[in-house]
Structures are given as structure tokens and as C-alpha cells.
Amino acid sequence: MIIGITGLDGSGKSQVAELLKQSGFFKVTFSEILAEELKKKKRKVTKEGLITIGNELREKFGPKILARLALHRVKDGENYVFVSMRNPAEVELLQSRHDFLLVNINAPDKVRLRRIMRKRLESSPKSLKELRRMDALESSSDPKKQQLHKVTKMARAVIKNDSSEEKLKQKVER
């Protein structure tokens, strides 16, 4: 089985992936694939850099490229969680499989901002206005770019992550 995880930054995608990993799933993050590409090109790994390299790869190889690269890491008979899906074509490719489920993780903006600020990354937003500006970067109308607003609507399951880790764990187990 492959569970795809999508959602805005700070929603808890990594947290859900870790819970699934504890249950025996192997984790493949699209962000790690992109970070590897940035490092190959000797470019700094930042949020903006990840978005840019993802868009460049989609432009050069088509909008399904990240899903294809992630599938190269899959071994038959194992369970996987794919984290940070952000383009509808990626989801469509994976939905053609009988063993794929897309889950949208969401949380209120104030909760997301608080979580992001805890990471203390230089490029992290410091206000709700900056957070919404960052969110907008991931919602292009260009099919070869990030279209997170469309991907979240494609999910067959939604987990609201607005309280404790224990409650999130219960929701993931369900």
C-alpha cells in the first residue's frame, strides 16, 4: 500500500508520516527528492529552492516526474508513505494503482504558523501574512508547477490536526 500525504506547511504531514513509519511504512518524501536535486546542482536547500527545482523538473520531464522518482524507490510487498505531494498529475499517476490512498492533513493557520516558527528556519514565515504568501507560492494555475490547492481536493481522506499528538495518532490509526 502507498499512502500519499498532502497538506500545507505546518499541517503535520511529517508527524503523520512518522506515525505511519512506526507502524512499518517506509517513508519517501518528495521534499527529500528535491533536496537531493538541489545538492547535485550545489544550490542551497530552502523552501523557495525546493519549489523552484520542483517546477524546473516538472517543466523538463513533465508534471508526473516526482511521483515517478518516488515509485523508483518502492519494492513490491512493502507499505510506503509518500509525503508532500503538490501536483495533480503526481496524484493521478498514483491513483492509477489499486493500492494508493491520498490523505490531506490540515490545521488552522495560527496552529501551522506556530509549528513552523518552532522549527526556527531562516526562510520560515514570521506572520500570518507571510504564511499566506508562502501558501500562495504552492498554488499555481500552471499544471507544471505546484498546485497544492487542487491536490488537497483530490484526497479521499482528511485528517484535521489541531490538537494533541495522541489525538492525531488515534485519527491516523482509524
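1. Let's start with strand 1 and strand 3: they run parallel and are joined by four bridges. This is a predicted model, so read everything below as a description of that prediction. For a register check on this pair, look at Ile3, which stands opposite Val81 in strand 3.

2. On its other partner, strand 1 (residues 2–6) is tied to strand 4 (residues 100–106) by five bridges, and the two run parallel. Ile3 turns up again here, with Leu101 as its bridge partner in strand 4. Further along, Thr6 stands opposite Asn104 in strand 4.

3. Asn104 is a handy residue to click on, since it also stands opposite Val158 in strand 5. Strand 4 and strand 5 run parallel, with four bridges between them. As for burial, strand 4 is mostly covered: five of its seven residues are buried.

4. Moving to strand 2, it pairs with strand 3 in the parallel sense over four bridges. Lys27 is the residue to find here, as it stands opposite Val81 in strand 3. Val81 is also the residue that Ile3 stands opposite.

5. Put the pairs together and you get an open sheet of five strands, ordered 2-3-1-4-5, with parallel pairing. The edges are strand 2 (26–29) and strand 5 (157–160), each of which pairs on one side only. From one strand to the next, the twist averages 25°.

6. Helix 2 (residues 30–40) packs on this sheet, where it touches strand 2 and strand 3 (80–83). The direction of helix 2 makes about 55° with that of strand 2. While you are at strand 3, have a look at its side chains: Tyr80 and Phe82 point one way, Val81 and Val83 the other way, and all are buried.

7. How do helix 2 and helix 3 pack? Their axes are 9 Å apart, at an angle of about 85°. Angles from 65 to 115 degrees count as roughly perpendicular, and the two helices are therefore roughly perpendicular to each other.

8. From helix 2, the contact takes in Ser31, Leu34, Ala35, Glu37 and Leu38, which meet Gly49, Leu50, Ile53, Gly54 and Leu57 in helix 3. By type, the residues of this contact divide into six nonpolar, three polar and one charged.

9. Two lysines are worth a look, beginning with Lys47 in helix 3 (residues 47–61). Is Lys47 buried or exposed? Lys47 has a relative accessible area of 15%, and under 20% means buried, so Lys47 is buried. The side chain of Lys47 makes a polar contact of 3.0 Å with that of Glu138. Leaving out residues up to four places away in sequence, Lys47 touches Asp9, Arg86, Ser123, Met134 and Glu138.

10. The other lysine is Lys21, placed in helix 1 (residues 13–22). Lys21 is partly exposed, because its relative accessible area is 43%, a value in between the cut-offs of 20% for buried and 50% for exposed. If you want a distance to check, take Lys21 and Met85: they are 64 residues apart along the chain, and their C-alpha atoms are separated by 17 Å.

How values were computed: Residues are numbered from 1 along each chain as its sequence is written. This is a predicted model: local features need pLDDT of at least 70, side-chain atom pairs count only at pLDDT 80 or more; totals for chains, interfaces and linings use all residues. Side-chain values use heavy atoms; hydrogens and water are left out. Two strands pair if DSSP finds at least two bridges between them. Axes are lines fitted to C-alpha atoms, for helices over the stretch in contact, and angles run from 0 to 180 degrees between N-to-C directions. Contact means heavy atoms within 4.5 Å. Buried means under 20% relative accessible area, exposed over 50%, partly exposed in between (1.4 Å probe, protein chains only). A polar contact is a pair of N or O atoms within 3.5 Å; within protein, one must be able to donate a hydrogen and the other to accept it, and residues adjacent in sequence count only if both atoms are side-chain atoms. Angles under 35 degrees count as roughly parallel, over 145 as roughly antiparallel, 65 to 115 as roughly perpendicular and the rest as oblique. Ala, Val, Leu, Ile, Met, Phe, Trp, Tyr, Cys and Pro count as nonpolar, Asp, Glu, Lys and Arg as charged, and the others, Gly among them, as polar.
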